[in-house]
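Biologist: Before we begin, please place the model in front of us. I should like to work through it by question and answer.

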Amino acid sequence: VTVNDNEDPTITCPSNITQTVDPSQSYGTVATPNPVIADNCGVTLLTWTMSGATTGTSPLTGINYVGTHVFNLGVTTVVYYLEDLAGNSASCSFTITITDNVSPIITCPSNINQNVDEGVCYATVINPNPIITDNGVISLVTWTLSGATTASSPSTGINYVGTRPFNVGTTTVTYYVEDDAGNSTGCFYTVTVTDDIDPSITCPNDITQAVDPAVCHATVNVPNPEISDNCSVVLLTWSLSGVTTGSSPVNGINYIGTHEFNVGMTVVTYHLEDAAGNASSCSFNITVPDTIHPTISCVTNQTR
């Protein structure tokens, strides 16, 4: 009498598992439940294979369980294979998904303060790169500039500000970083550029002019001073002292132009300021001599 076992064993895998990465790691340590197995006689072989984000295989003989195992980021498929003494077999599978929920860490450089480059209204600033770490892979670094200077990086790839010109004033540099799981964070710092260059002003030479005919003053067409600045001037005022006194308005750009000067010497002083408050001044003299002789009329000779 020959009795054959033609009944397949049964195996039931655990449900699919989703788990986040271990702290500060790019993998997850998962305690996988054992499958439930049964057979009318007895099982002789239980093996497993992994494919996908994590790969691996058990020994080809004996009873093997996955147990507690390290799984990479992503989806891994675990397949169990069961066999009994008669060679009847069964299999099942489940998935283990490891997700990255850890945001990258970015540390921006300290705030930067720098004077303008010589003769220009900006500063060429070397920006140190931020320090970026992540448990996974950084897939995106972008930056934007706002304030005194405006600009932005491409919206894809890994981008750094590097060395670039910054306008006078304060610019905020903002970095945004993202990893391949979509976790993101950011940081910012400021770049302040100061204009420390005084404006330049050159007054005309001293002027000597005779009085106008029949009056005790001279109408002088005063040449304008020569002014320049690496950025821009916002204030030019003048004042007169000596035999002639006066002053311009206290704001705006003012020139003396054509003006009446009394006999004697008048000191003309110009004051120049730029937008940063840097200032320069110059002065020159306007001298009006009285060159007109007085007139005298004698009476006619008389004889008595």
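**Contacts, form and an aromatic pair**

Biologist: Among contacts between residues at least 6 apart in sequence, what share joins residues at least 24 apart?

Modeller: This is a predicted model. A contact here means heavy atoms within 4.5 Å. Among contacts in the protein chain between residues at least 6 apart in sequence, the share that joins residues at least 24 apart is 60%.

Biologist: How many helices and strands does the protein chain have?

Modeller: The secondary structure includes zero helices. The number of strands is 28.

Biologist: Is the protein chain a compact globule or more spread out, and what is its radius of gyration?

Modeller: For 304 residues the globule rule gives 19 Å, and the chain is well over that value, so it is more spread out than a compact globule. Along the principal axes, its C-alpha atoms fill a box of roughly 195 × 20 × 20 Å. The radius of gyration is 45 Å.

Biologist: Which residues form the aromatic pair?

Modeller: The structure holds one such pair. Its rings lie 6.4 Å apart centre to centre, with 50° between the planes, and the pair is tilted. The two residues are Tyr160 and Tyr175.

Biologist: Which parts of the chain does this pair tie together, and how far apart in sequence are they?

Modeller: Tyr160 lies in the loop between strand S15 and strand S16, whereas Tyr175 lies in strand S17. The pair therefore ties together parts whose separation in sequence is 15 residues.

Biologist: Is Tyr175 buried or exposed, and what is its relative accessible area?

Modeller: Buried means under 20% relative accessible area. Tyr160 is partly exposed at 35%. Tyr175 is buried, and its relative accessible area is 1%.

Conventions:
Residues numbered from 1 in each chain as written. Predicted model: local features only at pLDDT ≥ 70, side-chain atom pairs only at ≥ 80, totals over all residues. Heavy atoms only, no water. Helix = DSSP H or I, 4+ residues; strand = E, 2+ residues; numbered from the N terminus. Rg over C-alpha atoms; globule rule 2.2 N^0.38 Å. Phe/Tyr/Trp six-rings, centres within 6.5 Å; stacked < 30°, edge-to-face > 60°. Buried < 20%, exposed > 50% of the residue type's maximum accessible area, 1.4 Å probe, protein only.
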